[in-house]
Amino acid sequence: MAHADAILPLALIRDRATTDLILAGLDASGVAVALFTPDDELSYGSLAFRALFDVQPGARTFADILQHCHAEDVGPKVSGPIDAFLARAHARRRSNPQRSFEIDLRDDRWFLVNETVLAGGWLWSAFTDITMLKSNERMLQVARDAAQLAANTDPLTGLLNRRAAMARLDAEMRIARRNGTQLSLALIDLDHFKAINDRYGHARGDEVLRHFAAAGRQQIRGGDVFARIGGEEFLMLMPGAGLREATRAVERLRRHVAQAEHRASLGCTYTMSAGVAEYCGNAMEDLFERADRALYSAKRLGRDRIEQAP
């Protein structure tokens with residue numbers, strides 16, 4: 001019996017020593033972990049956790065910690081009023097046996113939080129620094145966006161290219177068909193463009209294309225789409241515009257490029273012809289063909305003019 005009594009304190013000492021070693025190891029490792037009671041009071045927080053949330057000596061609960069962070073502008077970013085933020089946080093805490101989510105800090109670091117609900121409602125939280133991963137993620141997103149932009153952009157003029165313009169046309173036709181709204185398409189050609197290249201050279205021809213692209217961007221209405229779909233061929237898509245309004249918009253562009261003062265820096269003259277068609281519920285090919293026939297009619301009738309499709 002005496003022997004058994006002697007063993008019990010040694011077991012307790014050994015357990016306490018092990019616990020102390022585990023806690024010392026967590027602190028030395030720099031891992032941010034915390035243990036909350038079922039009442040959401042902080043039972044244990046590693047040194048890294050306390051630094052992460054600037055835990056003060058008097059802080060007892062999760063709410064105390066977050067309110068201090070909000071007041072001192074430290075720790076995690078809080079969206080909206082702190083009371084509403086805490087209400088949302090409490091609704092999610094312990095909502096699943098295990099839960100993972102990301103938080104971003106006011107110093108621009110990011111952490112992955114893993115929460116585990118233990119027996120009796122105790123909550124174990126572990127925080128992993130994923131700042132480098134988020135940085136790489138943002139870099140990849142920037143690269144994807146740049147690649148997508150390059151794939152959709154005409155490199156000479158900076159306008160949408162044919163592929164992107166056709167995709168936008170298809171999308172706008174779907175919207176017009178669903179909502180019963182107006183939509184018009186203009187196909188534009190620069191007149192005698194080959195003669196400009198032959199007389200002045202291709203470099204001057206490229207300047208003309210860039211000049212016309214800039215003029216188009218300046219003259220189109222907000223929400224309209226201006227694209228280069230071929231060598232000297234352009235497209236103007238006008239959501240919400242009927243045939244008359246669309247024709248007026250294209251006419252403004254025609255008059256603009258026809259005025260000598262707007263071409264002073266080019267050292268040459270150029271004009272444009274266009275065909276305008278209004279969407280009437282038919283297929284894309286039909287709308288495109290009607291606008292193209294109107295463009296051909298403008299060229300046949302002398303160029304530097306706009307014709308409407310019936």
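The following is an exchange about how terms such as buried, contact and pocket apply to this predicted model.

Reader: What are the ground rules for this model?
Author: This is a predicted model, in which local features need pLDDT of at least 70 and side-chain atom pairs count only at pLDDT 80 or more, while totals for chains, interfaces and linings use all residues. Residues are numbered from 1 along each chain as its sequence is written, and side-chain values use heavy atoms, with hydrogens and water left out.

Reader: Why is Ser 184 called buried or exposed?
Author: Buried means under 20% relative accessible area, exposed over 50%, and partly exposed in between, with a 1.4 Å probe and protein chains only. Ser 184 has 0% relative accessibility, so it counts as buried.

Reader: In which strand is Ser 184 found?
Author: Ser 184 is in β6, residues 183-190. Strands are DSSP runs of E, at least two residues, and helices are runs of H or I, at least four, numbered from the N terminus.

Reader: What does the side chain of Ser 184 reach?
Author: The side chain of Ser 184 comes to 2.8 Å from the backbone oxygen of Ala 241. A polar atom of that side chain also lies 3.3 Å from the backbone oxygen of Gly 242. A polar contact is a pair of N or O atoms within 3.5 Å; within protein, one must be able to donate a hydrogen and the other to accept it, and residues adjacent in sequence count only if both atoms are side-chain atoms.

Reader: Which residues does Ser 184 touch, not counting residues up to four places away in sequence?
Author: Contact means heavy atoms within 4.5 Å. Among the residues that Ser 184 touches are Met 236, Leu 243, Ala 277 and Glu 278.

Reader: How do you know that β6 and β9 pair?
Author: Two strands pair if DSSP finds at least two bridges between them. Seven bridges join β6 to β9, and the two run antiparallel. Asp 189 stands opposite Ser 273 in β9.

Reader: What joins β9 to β10?
Author: Three bridges do, and these strands run parallel. Gly 275 has Glu 307 in β10 as its bridge partner.

Reader: What makes β9 mostly covered?
Author: Six of the seven residues in β9, residues 272-278, are buried.

Reader: Why does Asp 154 count as buried or exposed?
Author: Asp 154 has 10% relative accessibility, and therefore counts as buried. Its place is in the loop between α5 (131-152) and α6 (162-179).

Reader: How do you know that Asp 154 and Arg 228 meet?
Author: Their side chains are joined by a polar contact of 3.2 Å. Along the chain they are 74 residues apart, yet their C-alpha atoms are separated by 6.8 Å. Asp 154 also touches Leu 159, Leu 160 and Asn 161.

Reader: What covers Arg 228 and its strand: one face or both?
Author: Both faces of β7, residues 225-228, are covered. Val 225 and Ala 227 on one side are buried, as are Phe 226 and Arg 228 on the other. Four bridges join β7 to β8, which run antiparallel. Val 225 stands opposite Leu 237 in β8. A hairpin through four residues connects the two strands.

Reader: Why is Arg 290 called buried or exposed?
Author: Its relative accessibility is 11%, so Arg 290 counts as buried. Arg 290 sits in helix α10, residues 284-300, and touches Ala 277, Glu 278, Cys 280, Ala 309 and Pro 310, not counting residues up to four places away in sequence.

Reader: What makes a space a pocket?
Author: On a 1 Å grid over the protein atoms alone, a pocket is an open set of points where a 1.4 Å probe fits, with protein on both sides within 12 Å along at least five of seven lines. Lining residues have an atom within 4 Å of a point.

Reader: How many residues line the largest pocket?
Author: There are 23, with Phe 62, Phe 85, Ala 89, Phe 101 and Ile 103 nearest its centre. β3 gives the most to the lining, five residues. The space in this pocket is about 450 Å³, a volume being the space filled by probe spheres set on grid points joined across faces, edges and corners.

Reader: Which residues in α3 are buried?
Author: Phe 62, Ala 63, Ile 65, Leu 66, His 68 and Cys 69 are. Their cover includes β1, β2, α2 and α4.
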